[in-house]
Amino acid sequence: MGDISLKKESNYSSNLYRLLSQYPENDLYYSQHTPILEHPADALRKSLLNSYNVLKKLADVNKDNNNDCKEYIRNVFNEVDSFYDITFEILKSFYSPEGKTKNNNNKNWLKENKIDSIKKYTSYVDTFSKFVSGINNLTKHNTWNFMPFNLSYNDLPQIKGFYFGTILHDDAIGPNQAIHKKWKGFQTGFSYNFIIRKLIALIFFYQEKLYLTIQSSFPSSKKDNDVNDQGINKKLFELAFDTPLNFLPNEFELASGKFIKQINSYIIQFPKDYSNKSPKIQNLSLSYNLEKNPRTNIIKGVLPYCQNIKTK
């Protein structure tokens with residue numbers, strides 16, 4: 001897959017935002033739908049800003065405040081999943097509602113009315129969107145388990161992490177295996193750094209693939225170098241770029257994103273991994289707050305990157 005580029009001469013705005021901002025108003029149908037849609041450039045900018053705000057809060061939050069971290073994780077996945085939904089609203093605004101069936105779910109509306117471009121766009125993004133939607137669906141329930149932990153290896157700085165917990169066996173809580181894949185036989189979790197970088201790369205990926213989809217169906221030759229998204233794409237890039245590659249050991253092998261600064265452009269690569277930086281573990285230390293079950297007075301758990309905690 002090709003690189004995604006944000007250029008200084010375009011104020012580091014995305015190709016998608018520039019296309020939507022300069023697209024002829026009379027050729028868009030957002031105001032003819034029921035309910036009326038937002039102008040697609042406005043919808044994109046607002047959703048980008050909402051996503052940035054929750055990701056920035058997650059980056060800045062005191063990682064020892066578990067309640068805040070839990071809420072910010074919920075907000076991040078909900079907002080990025082909402083960003084994915086907005087991309088279908090944007091695509092819908094290019095099609096007239098005349099003679100079409102009605103459906104307030106924009107993705108379903110595009111499918112029901114056999115809009116060819118929906119197949120192209122979803123073929124690009126749906127494999128990756130499931131990561132976000134699966135977790136977002138989980139965190140909409142009040143009973144989901146957020147389990148924080150700290151891990152260090154090879155005497156490097158401590159990594160703040162968490163996992164989505166579930167009952168695995170014998171009332172023992174451990175990482176949800178539908179979300180956290182095993183690594184070298186061990187259960188795994190997520191670091192905050194990995195999640196921030198992956199989700200931002202995914203947002204850029206959605207934008208670029210929607211741009212390519214729209215451009216192929218609705219080519220526009222108009223160019224406007226003064227289009228400005230108020231710097232929101234630049235802020236997203238900078239947040240990801242400034243988030244260190246201080247990952248949990250298995251995360252170097254997972255699909256993430258690479259962020260590269262050049263003199264007059266920013267480059268985003270997704271999906272990419274950092275397998276070449278994958279560490280050889282020499283020593284590992286995990287800190288985690290295990291609580292007794294008040295009913296049984298027993299401690300049970302399956303911890304990431306460690307052997308199971310047995311009944312005591």
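These legends go with four close-up views of a predicted model.

**View 1. Helix 5, end to end, with its kink at D126.** Helix 5 runs over residues 116-139, a stretch of 24 residues. From the first C-alpha to the last, the helix reaches 33 Å, close to the 34 Å expected at 1.5 Å a residue. Even so, the helix has a kink of about 55°, and the kink is centred on D126. D126 also turns up among the buried residues of helix 5.

**View 2. The buried residues of helix 5 and what covers them.** Start at S117, I118, Y121 and T122, which are among the buried residues here. Further along, the buried set also includes V125, D126, F128 and S129, and then V132, I135, N136 and T139. The cover over these residues includes three helices and three strands to look for. On the helical side there are helix 3 (66-92), helix 4 (106-112) and helix 6 (192-217). The strands are strand 3 (159-169), strand 5 (190-191) and strand 7 (265-272).

**View 3. The second largest pocket, with helix 5 and helix 6 in its lining.** This pocket has a volume of about 390 Å³ and a lining of 23 residues. Nearest its centre you'll find F131, I179, K181, F190 and K198. Helix 5 and helix 6 are the elements that give two or more residues to the lining, and the largest share, six residues, comes from helix 5. Sorted by class, the lining has twelve nonpolar, six polar and five charged residues.

**View 4. The largest cavity, and S256 in strand 6.** The count comes to one cavity of 30 Å³ or more, and the volume of the largest cavity is about 40 Å³. Lining the largest cavity are I4, L6, S14, N15, L16, F204, Q207 and E208. Strand 1 (4-7), helix 1 (15-22) and helix 6 each give two or more residues to that lining, with the largest share, three residues, from helix 6. By class, the lining has four nonpolar, three polar and one charged residues.

Now swing over to S256, which sits in strand 6 (residues 256-261). S256 counts as buried because its relative accessibility is 0%. Leaving out residues up to four places away in sequence, S256 touches F194, R197, K198 and F247 among others. Its contacts also include Q269, F270, P271, K272 and Y274. One of these contacts, K198, is also one of the residues that lie nearest the centre of the second largest pocket.

Notes. Residues are numbered from 1 along each chain as its sequence is written. This is a predicted model: local features need pLDDT of at least 70, side-chain atom pairs count only at pLDDT 80 or more; totals for chains, interfaces and linings use all residues. Side-chain values use heavy atoms; hydrogens and water are left out. Helices (H or I, at least four residues) and strands (E, at least two) are DSSP runs, numbered from the N terminus. The expected span of a helix is 1.5 Å times one less than its number of residues. The bend at a residue is the angle between axes fitted to the seven residues ending there and the seven starting there. Buried means under 20% relative accessible area, exposed over 50%, partly exposed in between (1.4 Å probe, protein chains only). Contact means heavy atoms within 4.5 Å. On a 1 Å grid over the protein atoms alone, a cavity is a set of points where a 1.4 Å probe fits but cannot get out, and a pocket is an open set with protein on both sides within 12 Å along at least five of seven lines; lining residues have an atom within 4 Å of a point. Grid points are joined across faces, edges and corners, and a volume is the space filled by probe spheres set on the points. Ala, Val, Leu, Ile, Met, Phe, Trp, Tyr, Cys and Pro count as nonpolar, Asp, Glu, Lys and Arg as charged, and the others, Gly among them, as polar.
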